[in-house]
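Work through the exercises below with the model open. Try each task before reading its solution.

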Amino acid sequence: MLTQEKILDALKTVREPFLNKSIVEIDGIREIKIKDGLVSIKVAISKTGTQEQLQLQQQIVSTVKEVGAQSVGLRFEQLTDEEMNKLGVDPNGAPKSLLDEGVRTTFIAVTSGKGGVGKSTVSVNLATSLARLGKKVGIIDADIYGFSVPDMMGIEEKPKVKGERIYPVNRFGVQVISMGFFVQDNSPIIWRGPMLGKMLNNFFTQVEWDELDYLILDLPPGTGDVALDVHNMLPSSKEIIVTTPHPTAAFVAARAGVMAIKTEHEILGVVENMAYFKSQLTGEKEFVFGQGGGKRLAQELQTDILAQIPLGQPEIDEEDFAPSIYAPDHSIGQIYMKMAQKVIDKIEA
Ligand SMILES: Nc1ncnc2c1ncn2[C@@H]1O[C@H](COP(=O)(O)OP(=O)(O)OP(=O)(O)O)[C@@H](O)[C@H]1O
């Protein structure tokens, strides 16, 4: 016999389209009436009058018919603001995901062939420079083996978590999320591929990003799992490849480039980091780590050199400590500003 319990049990598998949780779990089934095989149900969801509601409607109808209803009538209403708050949802809108259709954020993955070439330094300074140029920018530190973005930017706080939503930390106008925020005591983690992908997916779907123009992704070096996940998850991501000027480094970096090409990610360009050391006495450039690697890589990948960044440290600001961020009037800070403008011109042209 058809009972309320039976219907409720069957509906446990049906998910609220915006919250991606069981409609039963969120107390979305307000009322079930059964009369001679005719079932009428009142359902509360986070956003009514959408295409998703129509799909949900069909799903509920077929689920309830499967357990024996002859016909099913549905009425929809909105979850209350209080309920939405409890679920960690902004009552003015369903949770947004960066992977939703129609999101106008440009993703830029920063990659390198091997570690230690300055990929994270380039990522944080590009993000900060884009923000200085008035863009809304986020950064995901997905370098699980060496998450360093919070330290580099001088971030000491953790993101706020409300319900299932994570609010990024704001630093120099950049919205920051790092794997490092979710690890205790800097302890090494053994990650498995699927865990990485899941974590990354959460960063796209559960973080409350504020209308981003650009999202910079600091990927682990090489062409491993995370890099692959990003390629799969973000088919339209653009890429910047960082190398040092040594020809061997460029050769290794080319592998990252080849993967970008294979997955049809547009390569915005190459950054040659630690390109030279400029003597303060004579103004002459010394090519400490060799020469020509960036050019060779750019030629190989048929792209441009976005910037050649010399060796040099940011000046330390005791008041606003961020050990890897160059001030906008620092000579290297200015190179980053020009690079950011180049990136904007390439994308927004
Ligand atoms: N242009 C530069 N001049 C001087 N030091 C630099 C420069 N770029 C990066 N560094 C330093 O080199 C080290 C490695 O940089 P960074 O962590 O950005 O590299 P990475 O490629 O992201 O490395 P990993 O992938 O291992 O995290 C850091 O100590 C950073 O401060």
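**Exercise 1. Find the partner of K33 in strand 4, then describe the sheet around that pair.**

Step 1. K33 has S40 as its bridge partner in strand 4. Strands here are DSSP runs (E, at least two residues), and helices are runs of H or I with at least four; both are numbered from the N terminus.

Step 2. Strand 4 covers residues 38-45 and runs antiparallel to strand 3, with six bridges joining the two. Strands pair if DSSP finds at least two bridges between them.

Step 3. The open sheet has three strands in the order 3-4-5, and its pairing is mixed. Strand 3 (29-35) and strand 5 (71-78) are the edges; each has a single partner strand, so one side of each lacks a neighbour in the sheet. Neighbouring strands of this sheet are turned by 15 degrees against each other on average, direction ignored. Axes for such angles are lines fitted to C-alpha atoms, for helices over the stretch in contact, and angles run from 0 to 180 degrees between N-to-C directions.

Before going on, note the ground rules. This is a predicted model: local features need pLDDT of at least 70, side-chain atom pairs count only at pLDDT 80 or more, and totals for chains, interfaces and linings use all residues. Residues are numbered from 1 along each chain as its sequence is written.

**Exercise 2. Place the UniProt domain record and the domain division on the chain.**

Step 1. An unreviewed UniProt entry lists residues 5-68 as "domain: MIP18 family-like". UniProt positions follow the numbering used here, feature names are shortened, and annotations may be inferred rather than shown by experiment.

Step 2. Residues 5-68 are 36% helix and 30% strand, with end C-alpha atoms 13 Å apart.

Step 3. The protein chain is divided into domain 1 (4-86) and domain 2 (106-348); such bounds come from an automatic or database domain assignment. Their C-alpha centres lie 44 Å apart.

**Exercise 3. Trace the eight-strand sheet and locate strand 11 in it.**

Step 1. This open sheet has the order 10-11-7-12-6-13-14-17, with mixed pairing. Strand 10 and strand 17 (305-309) stand at the edges with a single partner strand each, so each has one side without a neighbour in the sheet. From one strand to the next, the twist averages 25 degrees.

Step 2. Strand 7 (residues 137-141) pairs with strand 11 in the parallel sense, over five bridges. I140 is matched with I177 there.

Step 3. Strand 10 (residues 169-171) pairs with strand 11 in the antiparallel sense, over three bridges. N170 stands opposite Q175, and R171 has V174 as its bridge partner. The two strands form a hairpin with two residues between them; F172 in the turn has a positive phi of about 50 degrees.

**Exercise 4. Is strand 11 buried or exposed?**

Step 1. Apply the cut-offs: buried means 20 or more other C-beta atoms within 10 Å of a residue's own, exposed means 12 or fewer, and partly exposed lies in between, with C-beta atoms placed from the backbone.

Step 2. V174 counts as buried because it has 27 C-beta neighbours inside 10 Å.

Step 3. Five of the five residues of strand 11 (residues 174-178) are buried, so the strand is largely enclosed by the rest of the structure. Both faces are covered: V174, V176 and S178 are buried on one side, Q175 and I177 on the other.
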